[in-house]
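Student: I should like to work through the pockets and the sheet of a structure. May we proceed by question and answer?

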Amino acid sequence: MSDPRPTDDVLAFLATVPLFQGAPVRALEIVAGVVRPRRFPTETVLFQEGDAGDALYVLSAGLVKLSKVDLGGHEKTLALLQPPEFFGEMALLGEATRSATAITLAPVTAYLLFRDDFQRLLAEYPTISLNLTTTLAERLRGMDDEAQVLSYKDAQGRVAYVLLRLYRAGVIEFEEGRALVRLTHQDLANLAGTSRETVTRALKALEAEGVIETRPKEVFLVDPDGLEEVLHGIR
Ligand code: CMP
């Protein structure tokens with residue numbers, strides 16, 4: 001456990017990470033002393049599904065896509081993560097390998113926390129263990145919701161769900177006060193578990209409803225409440 005005097009900036013950042021929220025200052029100091037900051041250019045494969053894993057990643061800048069490829073060779077995007085989220089903890093629990101592939105979608109800065117240090121922190125600080133459990137429970141709930149939506153909703157409902165999920169997760173930009181999702185139709189198809197052509201048709205239908213506006217590689221969420229209504233079939 002090296003660096004004895006982490007900067008206040010690093011400690012303040014770590015305190016915002018869901019894994020460390022509410023943890024004692026001493027725990028944050030230990031984390032700051034053992035993590036290793038790394039930079040990765042855009043489009044870097046951080047690891048692939050099935051790899052052995054030795055570290056978890058705490059994102060401090062950029063955007064990361066987590067995805068799996070199904071037996072038919074189709075990519076399914078599990079999540080798009082941005083700071084201060086963390087990922088890559090599952091392969092450090094038990095004997096598992098990486099459950100998904102992680103690729104950077106923008107230049108990324110991350111703090112790497114290695115297996116032994118992570119496990120020691122979990123054993124010593126119940127707050128961190130509880131935070132980890134909470135994150136895993138939230139992901140499980142998200143997957144249950146998604147499984148329901150993706151199996152019962154039509155294409156328009158699925159695409160509305162994906163856009164709302166990005167909106168709620170803050171994976172958006174703002175232009176002239178309007179929420180903007182900057183993704184291709186293929187990216188949205190990978191999130192919605194459908195084809196690019198189906199997404200294109202669904203976006204046209206949502207645009208006709210007046211809840212979004214589209215431009216190449218851009219979707220403006222002009223009426224998130226209206227999107228919610230489309231999702232719940234009340235519009
Ligand atoms: P790990 O299995 O080490 O590597 C892939 C990571 O993706 C995994 O740890 C989790 O951190 C993350 N992950 C897996 N499934 C999901 C999901 N459904 N939602 C968000 N993140 C996930």
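The exchange below covers the pockets and then the sheet.

Tutor: This is a predicted model, in which local features need pLDDT of at least 70 and side-chain atom pairs count only at pLDDT 80 or more, while totals for chains, interfaces and linings use all residues. Residues are numbered from 1 along each chain as its sequence is written, and side-chain values use heavy atoms, with hydrogens and water left out.

Student: What volume does the largest pocket have?

Tutor: A pocket is an open set of points on a 1 Å grid over the protein atoms alone where a 1.4 Å probe fits, with protein on both sides within 12 Å along at least five of seven lines. Points are joined across faces, edges and corners, and the volume is the space filled by probe spheres set on them. For the largest pocket this comes to about 1,400 Å³.

Student: Which element gives the most residues to the lining of the largest pocket?

Tutor: Lining residues have an atom within 4 Å of a point, and 46 residues line the largest pocket, with Leu78, Ala79, Leu81, Glu138 and Arg139 nearest its centre. Elements that give two or more of them include β5 (75-81), α4 (126-152) and α5 (155-169); helices (H or I, at least four residues) and strands (E, at least two) are DSSP runs, numbered from the N terminus. The greatest contribution, 13 residues, is that of α4.

Student: From which domains does the lining of the second largest pocket draw at least three residues each?

Tutor: The second largest pocket holds about 370 Å³ of space. Of its 19 lining residues, Leu63, Leu105, Glu173, Arg182 and Leu183 are the closest to the centre. Under bounds from an automatic or database domain assignment, the lining draws on domain 1 (8-142) and domain 2 (153-231).

Student: Why is one side of each edge strand left without a neighbour in the sheet, and which strands are these?

Tutor: Strands pair if DSSP finds at least two bridges between them, and four strands form an open, antiparallel sheet in the order β2-β7-β4-β5. Each edge strand has a single partner, so one of its sides has no neighbour in the sheet. The edge strands are β2 (45-47) and β5.

Student: Which residue of β7 stands opposite Val45?

Tutor: Strand β7 (residues 101-104) runs antiparallel to β2, and two bridges join them. Opposite Val45, the residue in β7 is Ile103.
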